[in-house]
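Q: Before we look at particular features, could you show me how to read a model of this kind step by step? I would like the general idea each time, and then the case at hand.

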There are 2 protein chains.
Amino acid sequence: MLGINDQELQEIYDFAVQLGKDAGEMLMNACRRRMQGSGATTSVSYVEKASSVDLVTKTDNDVEQFIHTSIAQKYPSHKFIGEETYSAGASRDYLVDDSPTWIVDPLDGTVNFTHLFPMFCVSIAFAVGGIPIIGIIDAPFLRQTFSSCRGRGAWLNGTQRLPLIRDPVPPLPENAPSGCTFACEWGKDRRDTPDGNLIRKVDSFVNMAAERNGRGGKGGMVHGVRSLGSATMDLAYTAMGSFDIWWEGGCWEWDVAAGMAVLEEAGGLVTIANPPPDPTTADIPRAKLGGRLYLAIRPAGDSDSETGRQSQERVVREVWKRVQQLTYSRPGS
Amino acid sequence: MLGINDQELQEIYDFAVQLGKDAGEMLMNACRRRMQGSGATTSVSYVEKASSVDLVTKTDNDVEQFIHTSIAQKYPSHKFIGEETYSAGASRDYLVDDSPTWIVDPLDGTVNFTHLFPMFCVSIAFAVGGIPIIGIIDAPFLRQTFSSCRGRGAWLNGTQRLPLIRDPVPPLPENAPSGCTFACEWGKDRRDTPDGNLIRKVDSFVNMAAERNGRGGKGGMVHGVRSLGSATMDLAYTAMGSFDIWWEGGCWEWDVAAGMAVLEEAGGLVTIANPPPDPTTADIPRAKLGGRLYLAIRPAGDSDSETGRQSQERVVREVWKRVQQLTYSRPGS
């Protein structure tokens, strides 16, 4: 595969799994220090970035440096993209090219980590040809490690293959989005304007949640709406089959790369979030890293009337009919 | 305490902890059967109750029966209130009187359980004088057991005292709700009318989330909005200190009794959700089981300028200023 043979790929995978666990242990040790600490050590020292909901902790930087150094020692020819190194730099261009590239978020769910809500994780992806083919997600407080390697399956804690229910994998509901669990996030853009992302998101959520005949036919009556505060954990639980639909704007490469790898290897579909002009007939493209807007559907089995893929595409179209365009873009684009 | 001596209380507590773990294991076994099963055993057989978001599974009933039988054998004089026995009955009156009473939800987060999203749990409370004094919450997929007994502290997995950070317990933010994590649920009432609970809730969520100067002064710019799909888990994480604020309507006694016990023993405050006519000066009553509408604030430490209790009351008032009245009531009331 693009100059990497099977044995090399397995070695990279094994290295990545261990790296994820070691980095997760660093996060958990930081939690333990706060839980055991006294006085000064109990408060996380952080500086504010763009707003009060965008925190970067010292732990973030320490863990990214550990991961970066480990990769540079083992694979000096590979590229590295990490949240904190990127944020500290000036470039906002597309980041992922065809080279073997590691895409790392040392701490996804920073707000959760700050408040010790367990939905935080390390996210490590390895991409070749612009496509993440290895994904490692380690959520140490939950003792959950998600891992995948192209062709080798997606796994929870190394032993439970994903999706969790697979004999057979359940089809998606016939009347989706009814019957579906829908994961979404409120995000950091909280501007109070009718065309701001907060209000567009909320309108979209309500369309998905309201009773089926409501909202001028847009009512979707989803089974449940969930917000965890971590795009990576949302994707991991979509790969498990727990969430049927995940829809989000504003993500950066490191927020989604490992989750996309795990979800796609589990059989899920990841496409664009913003609805095209004709949602009922438009092509359903594979999402590209760098797009910032994502719609993901869980792995789905065949039913008597359609294949799993057909049912995923049907659900994509039903979501597109109900959600608004979001306006996240890349600086300069 | 109300005719129960210290040794008896400890015995009841020990019994309740083991009961919660055994019941949690039953839930996890049901998950394992679906994850390992083939054909007919992979789908949960369920019947719809009031709507598609209100499922009752066979597991619900089996676990409740196990808990009910165990309690009746050990404590035949105690009363028992369980979700499934209640739902099958005709009465909708207030359920909890002064007698020693067990209040049980065999499976809180039924939608999560159905989709194998890990945020589901067994919830067992023991109340005397109408106040839950023992709470057990066992979330088997997460391997998290929360427990509390009046005067003996609140605990995660029997070893980590709650709240997680306690030396000292952090004060609430000075500019709350800014800086706070806010947990809320979309609920089952999805009627698409301006005065329906869905739209009232959404307006309240947006007030809490929007930028601080927005919404005519109601913008709260909370740090994050989280929805887990389980009132009990919301309360457990508020007791941990992970969520600063939890606001919800539509709960029944079994949805909140164990969570209230754990949270209050950890030092949290639980009051009414619906704002009184003058939110800045009104009394802040202790929530009663049966009220259906709850507002909870995490344990808070003292700061230089106010006690933890004063800061909790300040946050209650800030929430009251931003949330709408919800219209959940008891049948007949």
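A: Helices and strands are taken here as DSSP runs, a helix having at least four residues and a strand at least two, and they are numbered from the N terminus. Read in this way, chain A of this predicted model has 8 helices and 14 strands.

Q: What share of the residues of chain A counts as buried, and what does its accessible surface come to?

A: A residue is called buried when its relative accessible area is under 20%, and exposed when that area is over 50%. By that cut-off 63% of the 333 residues of chain A are buried, while the accessible surface of the chain comes to about 12,100 Å², with 49% of it belonging to carbon and sulfur atoms. Sequence separation adds to this picture: of the contacts in chain A between residues at least 6 apart in sequence, 67% join residues at least 24 apart.

Q: How should I read a helix, and what span should H7(A) have?

A: An α-helix has 3.6 residues a turn, so residues three or four places apart point the same way. For helix H7 of chain A, residues 253-266, a rise of 1.5 Å a residue gives an expected span of 20 Å for its 14 residues, and the end C-alpha atoms are indeed 20 Å apart, which agrees. The helix nevertheless carries a kink of about 25°, centred on Met260(A). Because 13 of its 14 residues are buried, H7(A) is largely enclosed by the rest of the structure, and the residue that follows the helix, Gly267(A), has a positive phi near 110°.

Q: Which strands are joined to E6(A), and in which direction do they run?

A: Pairing is read from the bridges between strands. Strand E5 of chain A (residues 121-128) is joined to E6(A) by 7 bridges, and the two run antiparallel; within this pair Val122(A) stands opposite Asp138(A). Their hairpin has 2 residues between the strands, and in it Gly129(A) takes a positive phi near 65°. E6(A) is also joined to strand E7 of chain A (residues 144-149), by 6 bridges and again antiparallel, with Ala139(A) and Gln144(A) as bridge partners. The hairpin of E6(A) and E7(A) has 4 residues between the strands, and Arg143(A) in the turn has a positive phi of about 55°. As 8 of the 9 residues of E6(A) (residues 131-139) are buried, this strand is largely enclosed by the rest of the structure.

Q: Where in the loops of chain A should I look for unusual backbone angles?

A: Omega and phi are the angles to inspect. The peptide bond from Ala176(A) to Pro177(A) is cis, with omega near 10°, and Pro177(A) belongs to the loop between strands E9 and E10 of chain A. Asn157(A), although not a glycine, has a positive phi of about 55°; it lies in the loop between E8 and E9 of chain A, and counts as partly exposed because its relative accessibility is 35%.

Q: What turn lays chain B on chain A?

A: Two copies are compared by superposing one on the other. A turn of 180° with a shift of 0.0 Å along the axis lays chain B on chain A with an RMSD of 0.0 Å. The two copies are thus related as by a two-fold rotation axis, and the same surface serves both, since 98% of the contact residues of chain B recur in chain A. Of the residues of chain B, Ser227(B) comes closest to the rotation axis, its C-alpha being at 2.4 Å.

Note on methods. Residues numbered from 1 in each chain as written. Chains lettered and ligands numbered in written order. Predicted model: local features only at pLDDT ≥ 70, side-chain atom pairs only at ≥ 80, totals over all residues. Heavy atoms only, no water. Expected span 1.5 Å × (residues − 1). Bend = angle between axes of the 7 residues up to and from the residue. Buried < 20%, exposed > 50% of the residue type's maximum accessible area, 1.4 Å probe, protein only. Least-squares fit on C-alpha atoms with pLDDT ≥ 70 in both. Contact = heavy atoms within 4.5 Å. Areas by Shrake-Rupley, 256 points an atom, 1.4 Å probe, with all protein chains shown as cover. Pairing = 2+ DSSP bridges.
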